[in-house]
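Trainee: Before we start on the details, could you take me through this model, beginning with the ligand and then turning to a sheet?

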Amino acid sequence: MSQKLSSSYEYIALAPGRVNLLGEHVDYNEGIVLPVAIDRKVKLSFQPLDEPVIHLRALDFDQTVSISIEHLDAQCDTGGHPLPAFARYPAGVAWALQQAGLEVRGMQAEYTSNVPIAAGLSSSAAVEVAFAISWQALGDWTIPRMQLAKLCQFAENEYIGVQSGLMDQFASLFGVKNHVLCFDTRSLAWEPIALPADTVIIIADSQVRRTLAGSAYNERRSACQQALDILKSHLLKINALRDVLPDDFSQYAHYLPPVVRKRAQHVVEECTRVELAANYLKQGNILAFGQLMFDCHKSLRDLYEVSCPELDALVEIASQQPGCLGARLTGAGFGGCTVNLVKEEYANDFTTRLSAEYTAKTGKDAQVYLCYAAAGASVEGFERL
Ligand code: GLA
């Protein structure tokens, strides 16, 4: 639930979370992804300050912090205490903008969000993007949105320490209402593809929260790098796991250590699935698209090993419901949410039954809700954006 913002600020920035329909753990392997910006977002009210400081109130945590924009490297507040976890995202963005030579003005701000935290819906990317577009609005500079996305990713990689790809920040900045974004993380080309009119996206939050997600995520990423380094000595033309064709993978996979081999197999097959899936979506073949979502979940469960019993239960239950076209865990995994494609006429029954059967099976309460593909981030009432 987001909180009510004070109306005394001059500007408001909005930045959505995202749900990824297909293409999981491929964005750091130069693959194609199919995310959707969602109708859950960060709301940030702000105004400039003349002093070089960020006064920040996080309504959802009922906390305030003041950060000097002249000493961001230290990751401390103005009293010399380590930054609270929530403040590292805005501070990281300010730091990344400065690294790129862009002016970061002092700012008074408060923010709230209804993107659930650590649930695979990119709550942190939404915070990063909200602050990035706010500083752009206050500064004497404008850069292309893709550049902003990359700077937010840089903050996440270098300041926060999670080696994430570009998908989340991209989706938050480039969302298109009622459309899936088909984003090539190598060329950075993208196109919106319409969601079929009679299909809805339903998110099911397992309420299991990721633990150690950062380190497990970074481990997956280095396994991919290891696979690439080994395969490169046999497949001279590859630059990323995206370039490995399934037949070539079968031929050379035995050179990889067993765990690394499983991780790489997921990536190689997922890249193939996404290309097929994007075409199915364009042709309106949502049945075939949904099947690939089920296949993706199995692969994340068995090969990439980022699922958990609760997410598996949600997918299993969903797969037995009438009108369910596809279901799988979404985002990095290790808990969080599943994404379900459901025929609109079955949406209500699906939601009720999935919640009830999940509780019966796991003893936990899931939050199951419809979600709509939304537009990307904006600053309201500010003409330059
Ligand atoms: C997280 C990362 C993304 C992406 C997904 C997995 O959301 O931030 O860059 O790697 O996990 O697909």
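Trainee: Where does the ligand sit?

Mentor: Bear in mind throughout that we are looking at a predicted model. A molecule is assigned to a pocket if more than half of its atoms lie within 2 Å of the grid points of that pocket. By that criterion, the ligand sits in the largest pocket.

Trainee: How do the residues of the shell around the ligand divide into nonpolar, polar and charged?

Mentor: The residues surrounding the ligand include Arg18, Glu24, Asp27 and Asp168, and also Tyr28, Ser164, Gly165, Met167 and Ala332. Tyr counts as nonpolar and Gly as polar in this grouping. The shell therefore divides, under these classes, into four nonpolar, three polar and four charged residues.

Trainee: What percentage of the area that the ligand exposes when taken alone does the protein bury?

Mentor: Consider first the contacts to ligand oxygen atoms, where a backbone N or O atom of His25 lies at 2.7 Å, while an N or O atom in the side chain of Asp168 is 2.6 Å away. A polar side-chain atom of Tyr217 also lies 2.6 Å from an oxygen atom of the ligand. Of the 300 Å² that the ligand exposes when taken alone, the protein buries 93%.

Trainee: Which strands are the edge strands of the open sheet with the order β2-β7-β8?

Mentor: This open sheet has three strands with antiparallel pairing, and β7 (residues 179-184) is joined to β8 over five bridges, with Val180 standing opposite Ile193 in β8. The strands that pair on one side only are β2 (32-33) and β8 (190-194).

Technical notes: Residues are numbered from 1 along each chain as its sequence is written. This is a predicted model: local features need pLDDT of at least 70, side-chain atom pairs count only at pLDDT 80 or more; totals for chains, interfaces and linings use all residues. Side-chain values use heavy atoms; hydrogens and water are left out. A residue is near a molecule or strand if one of its heavy atoms lies within 4 Å of it. A polar contact is a pair of N or O atoms within 3.5 Å; within protein, one must be able to donate a hydrogen and the other to accept it, and residues adjacent in sequence count only if both atoms are side-chain atoms. Accessible areas come from the Shrake-Rupley method with a 1.4 Å probe; for residues, only the protein chains shown count as cover. On a 1 Å grid over the protein atoms alone, a cavity is a set of points where a 1.4 Å probe fits but cannot get out, and a pocket is an open set with protein on both sides within 12 Å along at least five of seven lines; lining residues have an atom within 4 Å of a point. Two strands pair if DSSP finds at least two bridges between them. Helices (H or I, at least four residues) and strands (E, at least two) are DSSP runs, numbered from the N terminus.
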